[in-house]
Amino acid sequence: MPYQIKSTKVSGVEPRIFRRGGKSHYKVRIYLEPTDEDSLSSIKSVQYKLHSSFREPFRVSDDFRNKFEIKIWTWGYFEIEATLIMTNGTTELVEGYVRW
């Protein structure tokens with residue numbers, strides 16, 4: 001697989017609790033990383049499919065400069081899928097895991 005989904009906790013952002021008695025949520029950056037010499041320039045956009053517990057589980061990024069990143073608040077780790085929409089019109093599915 002020429003691409004991997006990566007995730008890291010956003011530094012300098014304190015955890016938040018969104019409802020009384022809830023868990024601490026962390027701001028997490030999710031992005032695409034080429035695994036070899038493949039370039040991200042052949043990708044037009046990326047549609048991420050988050051865990052079904054998210055109110056909006058589908059997120060799209062066309063932010064080439066930041067490796068097609070999205071930022072979310074989450075309290076736990078989960079499996080994730082990314083559909084890469086290539087500049088030639090084809091698609092490619094990449095699976096991964098969000099953890100920090």
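Here are some notes to read alongside the structure, which is a predicted model.

1. **Start with strand β7.** A good place to begin is β7, which covers residues 78-86. Its side chains take turns: Phe 78, Ile 80, Ala 82, Leu 84 and Met 86 point to one face and are buried. On the other face you will find Glu 79, Glu 81, Thr 83 and Ile 85, which are not buried. Why do the side chains alternate? In a regular strand they alternate between the two faces of the sheet. Try following β7 residue by residue in the viewer, and tick off each face as you go.

2. **The partner on one side: β4.** Strand β4 spans residues 43-49 and runs antiparallel to β7, with six bridges joining the two. Two facing pairs help you find your way here. Ile 43 stands opposite Met 86, and Val 46 stands opposite Leu 84. Both of these β7 residues, Met 86 and Leu 84, belong to the buried face described above.

3. **Another partner: β8.** Strand β7 is also joined to β8 (residues 91-98), again in an antiparallel arrangement, this time by eight bridges. Here Thr 83 of β7 stands opposite Leu 93 of β8. The two strands form a hairpin with four residues between them. Which residue in the turn has a positive phi? Look for Gly 89, where phi is about 95°.

4. **From β4 to β5.** Now go back to β4, which pairs with β5 (residues 58-61) as well. These two strands are antiparallel and are connected by four bridges. A handy landmark is Gln 47, which stands opposite Val 60 in β5.

5. **Ser 61, a residue to look at closely.** Ser 61 is in strand β5. Is Ser 61 buried or exposed? Its relative accessibility is 4%, so Ser 61 counts as buried. The side chain of Ser 61 has polar partners in the backbone: one of its polar atoms lies 3.2 Å from the backbone nitrogen of Asp 63, and the side chain also reaches the backbone oxygen of Glu 69 at 3.1 Å. Setting aside neighbours within four places in sequence, Ser 61 is in contact with Ser 45, Val 46, Tyr 48, Phe 68, Glu 69 and Ile 70. You have already met Val 46 as the residue opposite Leu 84.

6. **The loop between β5 and β6.** Three residues of this loop deserve a stop. Asn 66 lies in the loop and, at 34% relative accessible area, is partly exposed. Its side chain makes a polar contact of 3.0 Å with the side chain of Asp 63. Beyond four places in sequence, Asn 66 touches Arg 29 and Tyr 31. Asn 66 and His 51 are 15 residues apart in sequence, while their C-alpha atoms are 22 Å apart.

7. **Two positive phi values in that loop.** Lys 67 also belongs to the loop between β5 and β6, with β6 covering 70-74. Although Lys 67 is not a glycine, its phi is positive, at about 60°. Phe 68 sits in the loop too, and its phi is likewise positive, near 60°, in a residue other than glycine. Where the two part ways is accessibility: Lys 67 is partly exposed at 28%, whereas Phe 68 is buried at 0%.

8. **Lys 9 in β1.** Strand β1 covers residues 3-9, and Lys 9 is found in it. With a relative accessible area of 42%, Lys 9 is partly exposed. Leaving out residues up to four places away in sequence, Lys 9 touches Tyr 26, Lys 27, Val 28 and Trp 100. Lys 9 and Ile 70 are 61 residues apart in sequence, and 12 Å apart from C-alpha to C-alpha.

9. **The largest pocket.** To finish, find the largest pocket, whose volume is about 600 Å³. Which of its 17 lining residues are closest to the centre? They are His 25, Ser 53, Phe 54, Trp 73 and Trp 75. What is the make-up of the lining? It is a mixture of six nonpolar, six polar and five charged residues.

Terms used. Residues are numbered from 1 along each chain as its sequence is written. This is a predicted model: local features need pLDDT of at least 70, side-chain atom pairs count only at pLDDT 80 or more; totals for chains, interfaces and linings use all residues. Side-chain values use heavy atoms; hydrogens and water are left out. On a 1 Å grid over the protein atoms alone, a cavity is a set of points where a 1.4 Å probe fits but cannot get out, and a pocket is an open set with protein on both sides within 12 Å along at least five of seven lines; lining residues have an atom within 4 Å of a point. Grid points are joined across faces, edges and corners, and a volume is the space filled by probe spheres set on the points. Ala, Val, Leu, Ile, Met, Phe, Trp, Tyr, Cys and Pro count as nonpolar, Asp, Glu, Lys and Arg as charged, and the others, Gly among them, as polar. Two strands pair if DSSP finds at least two bridges between them. Buried means under 20% relative accessible area, exposed over 50%, partly exposed in between (1.4 Å probe, protein chains only). A polar contact is a pair of N or O atoms within 3.5 Å; within protein, one must be able to donate a hydrogen and the other to accept it, and residues adjacent in sequence count only if both atoms are side-chain atoms. Contact means heavy atoms within 4.5 Å.
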